[in-house]
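Me: I'd like a close look at one part of this protein: the strand pairing, and the salt bridges that go with it. Please walk me through it residue by residue, as you would at the bench with the model open on the screen.

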Amino acid sequence: MGIFGKNDSRPPEPLSGPRPTGTTPASPAPATSAPRGGPCVIGSRVQLKGELSGSEPVVVEGSIEGSVRLTAELRVAPGGTVKADVSAHTLVVAGEVVGDCQATERVVIEASGRLTGNIKAPRIVIAEGATFRGTSDMSPRAGGEKH
């Protein structure tokens with residue numbers, strides 16, 4: 001029965017657009033499956049010991065001791081400390097890193113950054129005021145790619 005007691009013999013109209021047969025309207029995805037959109041942050045009061053690996057960007061405000069292997073960017077914020085051998089796509093140091101560092105794209109040591117260890121990356125940027133102690137190797141990437 002329709003509004004005001006009248007019979008409405010028309011079928012209900014679809015909400016929007018065509019839908020495959022036999023499906024129900026999509027319900028909102030649970031909050032846990034939504035993409036976060038930002039980097040993983042190791043907080044200023046967090047100490048991580050062991051191996052960190054992954055394919056998402058990581059920002060270190062606390063400390064890491066062990067090894068770091070990322071296929072994304074590792075950013076060491078001011079006040080952050082990494083005592084580990086690091087392998088990442090890009091490494092940006094505004095805090096302190098002690099250990100050998102290898103990047104497939106570049107290593108950046110910002111003015112507040114301190115890096116003690118050897119660097120191997122196709123591009124290395126050391127800002128005025130930064131501290132770097134070690135050796136640097138700017139060999140081209142594997143595969144003979146030249147720019």
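Reply: Start at Ile109, which stands opposite Ile126 in E11. Bear in mind throughout that this is a predicted model. Ile109 is the last residue of E8, a strand covering residues 101-109, and E11 takes in residues 124-126. These two strands pair in the parallel sense, over 3 bridges.

E8 is a good strand to stay on. It also pairs with strand E6, residues 81-93. That pairing is parallel too, with 7 bridges joining E6 to E8. For a spot to click on, take Val86, whose bridge partner in E8 is Cys101.

Now move along to Gln102, whose bridge partner in E10 is Lys120. E8 and E10 pair over 2 bridges, again in the parallel sense. If you're following side chains as you go, remember that in a regular strand they alternate between the two faces of the sheet.

Hang on to Lys120, because its side chain meets that of Asp137 in a salt bridge, at 3.7 Å from N to O, inside the 4 Å limit. This pair links distant parts of the chain, with Lys120 in strand E10 (residues 119-120) and Asp137 in strand E13 (residues 136-137), 17 residues apart. So Lys120 turns up twice: as the bridge partner of Gln102, and in the salt bridge with Asp137. How covered are the two ends? Lys120 has a relative accessible area of 40%, so it is partly exposed. Asp137, at 28%, counts as partly exposed as well.

Another salt bridge worth a look joins Glu96 to Arg114, with the closest N and O atoms 3.3 Å apart. Glu96 lies in strand E7 (residues 96-98) and Arg114 in strand E9 (residues 114-116), so the pair ties together parts that are 18 residues apart in sequence. Glu96 comes out at 23% relative accessibility. Buried would need a value under 20%, so Glu96 is classed as partly exposed. Arg114 is in the partly exposed class too, at 39%.

Next, go to Glu73 and Arg75. They form a salt bridge with their closest N and O atoms 3.2 Å apart. There's a third player here: Glu73, Arg75 and Glu110 are linked in a network of salt bridges. Glu73 sits at 26% relative accessibility, while Arg75 has 31%. Exposed would take over 50% and buried under 20%, so Glu73 lands in the partly exposed class, and so does Arg75.

Now zoom out for some context. The structure holds 5 salt bridges, the ones above among them. The protein has 0 helices and 13 strands, so E6, E8, E10 and E11 belong to a chain whose pattern is β from start to finish. Of its 147 residues, 27% count as buried. The exposed surface comes to about 10,100 Å², with carbon and sulfur atoms supplying 52% of it. And if you take contacts between residues at least 6 apart in sequence, 3% of them join residues at least 24 apart.

Note on methods:
Residues are numbered from 1 along each chain as its sequence is written. This is a predicted model: local features need pLDDT of at least 70, side-chain atom pairs count only at pLDDT 80 or more; totals for chains, interfaces and linings use all residues. Side-chain values use heavy atoms; hydrogens and water are left out. Buried means under 20% relative accessible area, exposed over 50%, partly exposed in between (1.4 Å probe, protein chains only). Helices (H or I, at least four residues) and strands (E, at least two) are DSSP runs, numbered from the N terminus. Two strands pair if DSSP finds at least two bridges between them. Contact means heavy atoms within 4.5 Å. Accessible areas come from the Shrake-Rupley method with a 1.4 Å probe; for residues, only the protein chains shown count as cover.
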